[in-house]
Amino acid sequence: MGAVTTEKRGNIAVLSIDNPPVNALGAAVRSSLAEEIQAALDDAATGALVITGAGRMFSGGADIQEFGKERPAGVPSLPEVITAIEGASKPVIAAIHGVAAGGGLEISLGCHWRLAAPGARLGLPEVTLGIIPGAGGTQRLPRLIGVEAALEAIVAGNLMPSEKAHALGIVDEISGNDLVADAVAFAEKLVAAGTPPRRTGELEDRIAEARGKPEIFEKFRQGMARRARGFEAPFACVDSIEAAVNLPFAEGLANEREIFARLVASDQSKAQRHVFFAEREVAKIPDVPKDTPTQPIESAAIIGAGTMGGGIAMNFANVGIPVTVIEVDADALEKGLEVTRKNYASTVAKGRLSQDDMDKRMGLIAGSTDYGDVADADIVIEAAFEDMPLKKEIFQRLDQTCKAETIITSNTSSLDIDEIAAATGRPEKVMGTHFFSPANVMRLAENVRGAETSKDTIATVMDLSKAIGKVGVLVGICDGFVGNRMLYAYTRQAGFLLEEGALPEQVDKVIYDFGLPMGPYAMADLAGIDVGWRVRQAQEPTRPKHLRYSDIADRIYEMDRYGQKTQAGWYRYEKGSRAPIPDPEIEKLIVSVSEELGIERRAIGDQEILERCMYPMINEGAKILEEGLALRALDIDIIWIYGFGFPRYRGGPMFYADLVGADKIYDAMSRLYDEHGEWLKPAPLLEKLAKEGKGFGDL
Ligand SMILES: NC(=O)c1ccc[n+]([C@@H]2O[C@H](COP(=O)([O-])OP(=O)(O)OC[C@H]3O[C@@H](n4cnc5c(N)ncnc54)[C@H](O)[C@@H]3O)[C@@H](O)[C@H]2O)c1
């Protein structure tokens with residue numbers, strides 16, 4: 001059974017890669033492609049070859065499942081197949097439709113000419129999986145389009161439309177209508193003219209421009225330093241392209257292969273591949289199958305135009321769904337809409353949105369103070385104050401006002417969705433939609449399932465998350481849900497570290513260097529110390545009284561230092577600047593708290609800080625899994641990547657835990673528990689995994 005079939009059209013052999021759904025280049029395809037190419041070259045009646053893809057696309061690239069596994073004996077590697085194509089004695093033309101990504105595009109770069117259908121998408125997205133193109137992509141692409149364009153394309157890893165690929169010089173011709181017929185005609189002309197193969201690896205002009213100019217690469221590295229902080233692959237892409245310029249082709253290929261092999265075996269690439277699969281998996285809910293009926297959401301309403309409500313409304317307007325925003329009075333409404341307007345205007349000012357599009361989006365956001373105006377909305381999202389009696393009152397009112405089909409959700413960060421749902425006569429149509437701040441930017445939505453929430457409602461809300469550009473993760477009800485509950489476990493320990501001897505800037509640096517966008521203290525100043533204070537006040541009645549937390553943050557609140565908004569919090573801030581400056585006054589406060597508590601301050605190492613912050617958070621994640629509040633460890637990983645900027649290259653906290661080893665984390669937690677008590681008690685699930693030599697990924 002050949003995964004590649006050959007059809008003769010006159011003296012042209014048309015080879016089709018046929019491996020649905022995406023023509024992935026697994027072992028069978030590579031063997032078959034090598035054989036069919038050889039057969040066509042051996043056939044005296046064949047003048048030229050066309051390689052194309054059967055079905056939807058040319059090829060989506062390598063079979064990711066094969067990464068890290070041994071290659072079966074006798075099966076050629078992709079670079080070997082491509083070398084055979086490029087070295088062919090007869091012209092080989094790629095006919096590209098749908099997608100040519102990664103190894104798929106690399107095959108076409110090994111061909112001597114490329115034709116593409118209009119609207120096909122081409123690119124080398126390897127970098128997003130923590131690797132570099134390993135089948136000649138970094139060596140051949142710069143030879144076709146020049147170094148700077150190749151750097152841009154390979155480091156970004158995006159797919160580009162065939163029209164752009166044509167303008168850059170990747171694609172030689174855009175096909176009129178029948179791609180394969182056009183490619184065959186193109187090949188016939190070459191044969192008739194006796195044109196010899198044009199081998200990409202032999203092209204020198206475009207790379208010669210950059211030879212002896214290391215500054216081009218240095219400048220590029222500097223330009224991407226912030227964006228790519230912590231990631232290995234983007235920098236490896238630059239190194240490999242630089243080698244293409246400075247080494248002979250064969251050596252450049254060997255160098256690329258070496259870098260590829262190193263990265264494919266790296267923890268970063270394993271983590272990024274995990275995230276790639278997790279992003280797809282997270283939409284799957286075992287008891288809510290794919291064919292569960294959903295309701296169309298063609299209009300929405302938001303209750304409250306505060307910090308969250310305005311941002312949530314923008315998500316709808318951005319995708320063309322009309323949304324009505326309800327406020328208590330005209331002033332509050334105008335204030336809320338003004339913030340939204342300013343948000344859009346700043347995007348326009350940065351050149352990332354046209355004025356026309358801004359006007360269209362603002363035109364989709366209607367403001368009102370009359371609940372009657374939401375009666376026909378398909379979904380209403382409540383984002384009023386965090387106050388149970390108020391939320392119950394609002395839900396009751398919405399239940400009476402809205403049509404029977406309307407789904408009603410709350411953006412609460414901590415309140416019991418079941419209690420809120422019980423205020424309505426439609427608890428099956430109620431759930432939580434917990435957006436993260438700023439709601440128009442952060443892509444996470446924790447969709448909270450209540451005891452009575454129907455499967456149709458869950459399916460509808462999960463689909464809606466995707467439709468408005470969010471990543472929806474289904475979670476259960478508990479204080480803080482999944483993300484914040486784990487966050488508290490970590491910030492609590494950070495507080496104790498301060499009492500024991502650390503300073504905010506030291507803790508923040510450790511967390512930043514680990515890869516999060518900022519540490520807990522810079523984050524508290526950004527979110528507002530008053531906000532954190534209110535959360536703690538709300539938690540106070542249910543806090544287990546034998547468990548203490550550090551009250552330094554409360555004392556800072558009492559000093560009227562609310563963070564960036566008052567230019568003073570854990571740090572101080574110069575006017576108009578967001579750069580935190582360590583403040584001796586805060587250091588004095590921290591030291592005096594240690595004294596009060598009778599703690600002799602000690603030097604705390606960075607590794608201890610990291611473990612003390614991360615392990616309790618992972619431990620909390622284990623408890624969340626035991627309690628069934630997240631479906632899988634991967635759901636928690638996605639929550640942390642999209643809600644808190646946990647570095648993708650570490651795969652999320654639970655994947656990171658598996659890299660460290662459950663046994664190591666369990667040992668550390670047991671030790672910390674002995675030293676610091678109850679908060680740090682190892683979760684039974686962590687203990688079980690440690691004893692069985694397993695990880696969260698094995699669950
Ligand atoms: N701020 C965050 O970072 C954040 C993050 C996630 C979730 N949340 C949750 O989102 C909700 C809203 O938080 P926020 O930060 O946007 O609060 P906010 O105080 O900024 O805004 C709340 C708005 O609701 C309006 N409002 C109050 N009662 C109303 C009513 N009966 N009808 C219509 N409007 C009413 C208020 O006038 C105010 O403008 C809360 O439940 C909060 O816990 C907040």
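The exercises below walk through a predicted model, each with a worked solution.

Residues are numbered from 1 along each chain as its sequence is written. Local features need pLDDT of at least 70, side-chain atom pairs count only at pLDDT 80 or more, totals for chains, interfaces and linings use all residues, and side-chain values use heavy atoms, leaving out hydrogens and water.

**Exercise 1. Domains**

Task: State how the chain is divided, then describe the contact between domain 2 and domain 3.

Solution:
- Start with the bounds, which come from an automatic or database domain assignment. They are domain 1 (4–264), domain 2 (300–475) and domain 3 (483–698).
- Next, take the centres over C-alpha atoms. Those of domain 2 and domain 3 are separated by 30 Å.
- Contact means heavy atoms within 4.5 Å. Domain 2 brings eleven residues to it, and domain 3 brings ten residues.
- Now the buried area (the accessible area, with a 1.4 Å probe, that two parts lose on being put together, summed over both). Between domain 2 and domain 3 it is about 910 Å², with 67% from carbon and sulfur atoms.
- Finish with the contributors. Phe436, Leu444 and Val473 supply 37% of the area that domain 2 buries against domain 3, more than any other three residues.

**Exercise 2. The largest core**

Task: Find the largest nonpolar core and say why it lies between two domains.

Solution:
- Fix the term. A nonpolar core is a set of buried Ala, Val, Leu, Ile, Met, Phe, Trp, Tyr and Cys residues joined through side-chain atoms within 4.5 Å. Buried means under 20% relative accessible area, exposed over 50%, partly exposed in between (1.4 Å probe, protein chains only).
- The largest core has 98 residues. Trp570, Met614, Trp640 and Phe696 have the most contacts inside it.
- Helix α25 (residues 606–626) gives the largest share, ten residues. Helices (H or I, at least four residues) and strands (E, at least two) are DSSP runs, numbered from the N terminus.
- Domain 2 and domain 3 both give residues to this core, so it lies between them.
- Apart from it lies another core, of 68 residues, including Ala3 and Val81.
- Look at Trp570. Beyond residues up to four places away in sequence, its contacts include Leu498, Pro504, Tyr521 and Ile590.

**Exercise 3. Aromatic rings**

Task: Describe two aromatic pairs and one cluster.

Solution:
- A pair of rings is described by the distance of the centres and the angle of the planes. Rings of Phe, Tyr and Trp (its six-membered ring) pair if their centres lie within 6.5 Å; planes under 30 degrees apart are stacked, over 60 edge-to-face, the rest tilted.
- The whole structure holds twelve aromatic pairs.
- Phe67 and Phe260 are edge-to-face, at 6.3 Å centre to centre and 85° between the planes. They are 193 residues apart: Phe67 is in the loop between β3 (48–53) and α2 (78–87), Phe260 in helix α11 (residues 249–264).
- Phe67 is buried at 18% relative accessible area, and Phe260 is buried at 13%.
- Trp640 and Phe646 have ring centres 6.4 Å apart and planes at 90°, so this pair is edge-to-face. Both residues are buried.
- Trp640 and Phe646 also belong to one cluster with Phe436, Phe514, Phe644 and Tyr656.

**Exercise 4. Charges over rings**

Task: Name the rings that Arg229 and Arg492 lie over.

Solution:
- Apply the test: NZ of Lys or CZ of Arg within 6 Å of the ring centre and within 35 degrees of the ring normal.
- Arg229 lies over the face of Tyr512, at 3.5 Å from the ring centre.
- Arg492 lies over the face of Trp679, at 3.5 Å from the ring centre.
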